[in-house]
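Here is a short briefing on one protein chain. It starts with the terms and the overall build, then moves to the sheet, the helix and the aromatic pairs.

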Amino acid sequence: MGATSNPARTRRFFSTAALLLGGMFDQIGDPKLVPPINVRDIEHFELQIGIPATTYWERSPGVWQRMFTRGHVIVNAGTAPFVYRYSVSTSYTIQPSDAIVIQNRNSKGHFIRPLTNYGR
């Protein structure tokens, strides 16, 4: 059973929780090769958020966040929807057992229009 056979919400929750806690997915990669060979990153929706910049913290009861060099992740392990206000004009409602990955910087560290896995 491949990753695409799981509901998107389940995939978002578990893959983002792995990022939150320091795990990584290496989709169809061969860790024995140096450097490892990687193919399309379906678990993180091809977002490039960089390396962890902080430890994770609890934003709200059951809602956890971690900052990365090019974005951040938020996991809602709570029992109620959580509204994340990214900016004055942009917010995301993260349902219980769901998560969001947001890339807001490019590889040079410049801010870009936010890219997310929201709803995918």
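Two strands pair if DSSP finds at least two bridges between them. Helices (H or I, at least four residues) and strands (E, at least two) are DSSP runs, numbered from the N terminus. By that measure, six bridges join S2 to S3, and the two strands run antiparallel.

This is a predicted model: local features need pLDDT of at least 70, side-chain atom pairs count only at pLDDT 80 or more, and totals for chains, interfaces and linings use all residues. Residues are numbered from 1 along each chain as its sequence is written, and side-chain values use heavy atoms, with hydrogens and water left out.

**Overall build**

- The chain holds one helix and seven strands. Read from the N terminus, the order of elements is α-β-β-β-β-β-β-β.
- Of the 120 residues in the chain, 35% are buried. Buried means under 20% relative accessible area, exposed means over 50%, and partly exposed is in between (1.4 Å probe, protein chains only).
- The accessible surface of the chain is about 7300 Å², and carbon and sulfur atoms account for 57% of that. Areas come from the Shrake-Rupley method with a 1.4 Å probe; for residues, only the protein chains shown count as cover.
- Take the contacts between residues at least 6 apart in sequence: 40% of them join residues at least 24 apart. Contact here means heavy atoms within 4.5 Å.

**The sheet**

- Five strands make an open sheet, ordered S1-S2-S3-S6-S7, with antiparallel pairing.
- Strand S1 (57-60) and strand S7 (111-116) are the edges; each has a single partner strand, so one side of each lacks a neighbour in the sheet.
- From one strand to the next, the twist averages 25°. Axes are lines fitted to C-alpha atoms, for helices over the stretch in contact, and angles run from 0 to 180 degrees between N-to-C directions.
- S1 pairs with strand S2 (residues 63-68) in the antiparallel sense over three bridges. Serine 60 has valine 63 of S2 as its bridge partner.
- S2 and S3 form a hairpin, with two residues between them. Glutamine 65 has isoleucine 74 of S3 as its bridge partner.
- S3 also pairs with strand S6 (residues 98-105), antiparallel, over six bridges. Here isoleucine 74 is matched with isoleucine 100 of S6.
- S6 and S7 run antiparallel and are joined by three bridges. Isoleucine 102 has threonine 116 of S7 as its bridge partner.
- Five residues separate S6 and S7 in their hairpin, and glycine 109 in the turn has a positive phi of about 85°.

**Cover on S3**

- Strand S3 (residues 71-76) is mostly covered, with six of its six residues buried.
- In a regular strand the side chains alternate between the two faces of the sheet.
- Gly71, Val73 and Val75 point one way from S3; His72, Ile74 and Asn76 point the other way; all are buried.

**The helix**

- Arginine 12 sits in helix H1 (residues 8-20). Its relative accessible area is 7%, so arginine 12 is buried.
- The side chain of arginine 12 makes a polar contact with the side chain of aspartate 98, at 2.8 Å. A polar contact is a pair of N or O atoms within 3.5 Å; within protein, one must be able to donate a hydrogen and the other to accept it, and residues adjacent in sequence count only if both atoms are side-chain atoms.
- Threonine 10 is also placed in helix H1. At 32% relative accessibility, threonine 10 is partly exposed.
- Threonine 10 and alanine 99 lie 89 residues apart in sequence and 8.9 Å apart in space, C-alpha to C-alpha.

**Aromatic pairs**

- Rings of Phe, Tyr and Trp (its six-membered ring) pair if their centres lie within 6.5 Å; planes under 30 degrees apart count as stacked, over 60 as edge-to-face and the rest as tilted.
- The count by this rule is four aromatic pairs.
- Phenylalanine 13 and phenylalanine 14 have ring centres 5.2 Å apart and planes at 85°, so this pair is edge-to-face. Phenylalanine 13 is buried at 16% relative accessibility, whereas phenylalanine 14 is exposed at 54%.
- Tyrosine 92 and tyrosine 118 are also an edge-to-face pair, 5.1 Å centre to centre with 65° between the planes.
- This pair links distant parts of the chain: tyrosine 92 is in strand S5 (residues 91-94) and tyrosine 118 in the segment after S7, 26 residues apart.
- Tyrosine 92 is buried at a relative accessible area of 10%; tyrosine 118 is partly exposed at 37%.
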